[in-house]
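Let's take a friendly walk through this protein together. Have the chain in view and turn it as we go.

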Amino acid sequence: LVPSTFKLNPEPEVPATVVDVALSNSDFSMLVSLLQKADLVSALQGEGPFTVFAPTNAAFEKLLAALNISASELMNQPDLAKVLLYHVVSGKVMSTDLSNGLEAPTLNGEAIKFDLSSGVKVNQSSVTAADIEAGNGVIHVVDTVLVPQNFTYQEVEVQNDIPKTGAVGLTPFVFAGIMTLAGAGMMKKRMK
């Protein structure tokens, strides 16, 4: 006899959001940092559903090498959100929903195109893992960052100002030292 609550193969727990999936995998650390910088984390934690074509860290490294820029320069791009939203489609699109030549509008406003003739390609990027489900959508891993036509790289000045913490200079200490010496001198005069 088997009780109704018994399950032979319990279903794996599905992460709540597509952001949770990205946070749980260190290979998406650059994507997560860029989403934070562009202030898109809370949007992708919303109800959705969303389909995210998630570039790996290696995909971002390829982009940085192609543009000959640093990660800081990419993070400081004024149009960073345009690139990130070009990786997101509204609705939950599983790999079985794709067809050769299908075009899908992204949250950026531009469409991406699928080629199924040799594996699965999104524009020129290959899908390396598919159908990673979350409570508010699905992630497909891509090996190249998708760059929309409405993105223009801009020269930016990267400021790495380190905030001063507790640095007050020597002036207060010199002043306190002088006051202490003056006070000690007056005390000696009074004691005489």
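We will begin with the overall layout, move to the sheet, and then look at helices, salt bridges and two buried residues.

A word on ground rules: this is a predicted model, in which local features need pLDDT of at least 70 and side-chain atom pairs count only at pLDDT 80 or more, while totals for chains, interfaces and linings use all residues. Residues are numbered from 1 along each chain as its sequence is written, and side-chain values use heavy atoms, with hydrogens and water left out.

The protein has 7 helices and 7 strands. Here helices (H or I, at least four residues) and strands (E, at least two) are DSSP runs, numbered from the N terminus. Following the sequence, you meet them in the pattern α-α-α-β-α-α-α-β-β-β-β-β-β-α. Of the 192 residues in the protein, 33% are buried; buried means under 20% relative accessible area, exposed means over 50%, and partly exposed lies in between (1.4 Å probe, protein chains only). Contacts, meaning heavy atoms within 4.5 Å, often span the chain: among those between residues at least 6 apart in sequence, 67% join residues at least 24 apart.

Now to the sheet. In what order do the strands of the open sheet lie? The order of these 7 strands is β2-β1-β7-β6-β5-β4-β3, and the pairing is mixed. Two strands count as paired if DSSP finds at least two bridges between them. At the edges are β2 and β3, each of which pairs on one side only.

Start at the β2 edge. Strand β1 (residues 50–55) pairs with β2 in the antiparallel sense over 3 bridges, and phenylalanine 50 stands opposite serine 90 in β2. At the β3 edge, β3 and β4 run antiparallel and are joined by 3 bridges. Glutamate 103 stands opposite lysine 113 in β4. These two strands form a hairpin with 5 residues between them, and glycine 109 in the turn has a positive phi of about 110°.

Strand β4 then leads into another hairpin. It is joined to strand β5 (residues 121–122) by 2 bridges, and the two run antiparallel. Aspartate 115 stands opposite lysine 121 in β5. Again 5 residues lie between the strands of this hairpin, β4 and β5, and glycine 119 in the turn has a positive phi of about 80°.

Pause on β4 itself. In a regular strand the side chains alternate between the two faces of the sheet. Along β4 (residues 111–115), Ile112 and Phe114 point to one face and are buried, whereas Ala111, Lys113 and Asp115 point to the other and are not.

Next, the helices. Helix α2 (residues 29–37) and helix α4 (residues 57–67) have axes that come within 7 Å and cross at roughly 70°. Axes are lines fitted to C-alpha atoms, for helices over the stretch in contact, with angles running from 0 to 180 degrees between N-to-C directions. The crossing makes α2 roughly perpendicular to α4 (under 35 degrees counts as roughly parallel, over 145 as roughly antiparallel, 65 to 115 as roughly perpendicular and the rest as oblique). On the α2 side the contact uses Ser29, Met30, Leu31 and Leu34, and on the α4 side Asn57, Phe60 and Leu64. By class, this contact has 5 nonpolar, 2 polar and no charged residues (Ala, Val, Leu, Ile, Met, Phe, Trp, Tyr, Cys and Pro count as nonpolar, Asp, Glu, Lys and Arg as charged, and the others, Gly among them, as polar).

Which charged side chains meet? Side chains of opposite charge can pair when their charged atoms come close. The structure holds 2 salt bridges, each a side-chain nitrogen of Lys or Arg within 4 Å of a carboxyl oxygen of Asp or Glu. One joins lysine 82 and aspartate 79 (3.8 Å, N to O); lysine 82 is partly exposed at 33% relative accessible area, whereas aspartate 79 is buried at 17%. The other joins lysine 92 and glutamate 133 (2.6 Å, N to O). Lysine 92 lies in the loop between β2 (88–90) and β3 (103–105) and glutamate 133 in strand β6 (residues 125–134), so the pair ties together parts that are 41 residues apart in sequence.

Finally, two buried residues. Isoleucine 69, in the loop between α4 and α5 (71–75), is buried at 12% relative accessible area. Not counting residues up to four places away in sequence, isoleucine 69 touches Leu64, Leu74 and Tyr153. Threonine 17, in the segment before α1 (18–23), is buried at 9%. With the exclusion of residues up to four places away in sequence, threonine 17 touches Leu44, Gln45, Ala134, Gly135 and Asn136.
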